[in-house]
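Hi,

Here is the structure I promised to pass on to you. Have a look at it first, and then read my notes below.

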Amino acid sequence: MTGLTVFICADIEGVSGFVDWAQEDEETERVRLAMTEDVNAAVEGVLSERDADVIVNDSHGGKRNVVIEELHPDAKLVRGGPRPRGMISGVEDADVGFQIGAHTRPGYGGVLEHTFSSSSMADVTLNGDPVGEVELNAMGMAAFGTPTALVTGDDRLRDELEAVLPESEYVVTKEARSMRAATCYPPARVRERISDAAARAVSEPIGEYPLGIETDGTVSATVRYHQADTAEKAALWPGIERKTSRKIGYESDDPLEVYSFLRAASKV
Ligand SMILES: [Zn+2]
């Protein structure tokens, strides 16, 4: 055991050079390696500053993207699914968390914007505010006492998170030009910045990384689907409220239950 445990939630849409899901078919190995290298940059930054245990969660699609042979040899990898707690599986004992390769919520104008399921979920709200995966993962991680200290993704996501993660480190990987186009920064430069930001994020003493989401008391969430029949099926589960033809809702005093509801809602 070391003094510090760092949790890294790794997605692909915000990775250097990634602008279209078609790349997963057309250049599978390249984009998987790019995702791995962005993660490695964060791991290297952490280890340049502190002796630490690092646990990486492969959070994208089938959750078998990170090239394990190329992953930093001092990092462990959570891969495969479905699994309890999804994108934050592995956070349980972490002191600090990162979200690498992240993306905006639907409607915010970022590259490949969506929340959990681009094909079924039109938007998600938390306590009435529209939110994306980063906010939800940050809430789930915070339930374990783990603050989100670093996020990487496009310039639109940086703006989306301004009020929610005001003190967290942020590295811009590309400037969004449309849903499937961006001005991409050179990966080597991006990775230098990720490494530097990761080192700052874990330098002693660990800073305060407040989360601008109210989780004391009841947390309420809604999901609006693209199709009414998806809401129809989702609302069959006890405890799920049908709000409108395409919208369902759920509330709980436990933010992890709300997180779990939203993950389940994406699987309908
Ligand atoms: Zn993804």
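**What I found**

Let's start with a small detail: Ser 178 has Ala 181 in β9 as its bridge partner. That bridge belongs to a set of four that join strand β8 (residues 169-178) to strand β9 (residues 181-184), and the two run antiparallel. β8 and β9 make a hairpin, with two residues between them. A note on names: helices (H or I, at least four residues) and strands (E, at least two) are DSSP runs, numbered from the N terminus. Two strands pair if DSSP finds at least two bridges between them.

Before going on, you should know that this is a predicted model: local features need pLDDT of at least 70, side-chain atom pairs count only at pLDDT 80 or more, and totals for chains, interfaces and linings use all residues. Residues are numbered from 1 along each chain as its sequence is written.

**The whole protein**

The protein has seven helices and 12 strands. Its C-alpha trace spans about 50 × 40 × 30 Å along the principal axes. A compact globule of 268 residues would have a radius of gyration near 18 Å, and the protein agrees because its own value is 18 Å. (That radius is taken over C-alpha atoms, and the globule rule is 2.2 Å times the number of residues to the power 0.38.)

Of the 268 residues, 48% count as buried, meaning that 20 or more other C-beta atoms, placed from the backbone, lie within 10 Å of the residue's own.

**Two domains**

An automatic or database domain assignment sets the bounds: domain 1 is 4-122 + 130-202, and domain 2 is 219-265. Their C-alpha centres lie 25 Å apart. Nine residues of domain 1 are in contact with 10 residues of domain 2, where contact means C-beta atoms, placed from the backbone, within 7 Å. On the domain 1 side, β5 (121-126) and α3 (133-142) each supply at least two residues. α3 gives the most, with three.

So what is α3 like, mostly covered or not? It is mostly covered: 10 of its 10 residues are buried. Among them are Glu 133, Glu 135 and Asn 137, along with Leu 136 and Met 139. These buried residues pack against β1 (4-10), β4 (96-100), β5, β7 (148-154), α4 (155-160) and α7 (255-265).

**The core**

The largest nonpolar core has 76 residues. Such a core is a set of buried Ala, Val, Leu, Ile, Met, Phe, Trp, Tyr and Cys residues joined through C-beta atoms within 7 Å. Helix α2 (residues 28-49) gives the most to this core, with eight residues. Both domains give residues to the core, so it lies between them.

Val 6 is one of the residues with the most contacts inside this core. Leaving out residues up to four places away in sequence, Val 6 touches Val 46, Ala 52, Val 54, Ala 94, Val 96, Phe 98 and Val 202.

**One more sheet to look at**

Try finding the open sheet of five strands, in the order β6-β5-β10-β12-β11, with antiparallel pairing. Its edge strands are β6 (129-130) and β11 (241-242), and each pairs on one side only. β11 is joined to β12 (residues 247-252) by two bridges, and these strands run antiparallel. Look for Arg 242, whose bridge partner in β12 is Ile 248.

Happy exploring!

Note on methods: Buried ≥ 20, exposed ≤ 12 C-beta atoms within 10 Å, placed from the backbone. Contact = placed C-beta atoms within 7 Å.
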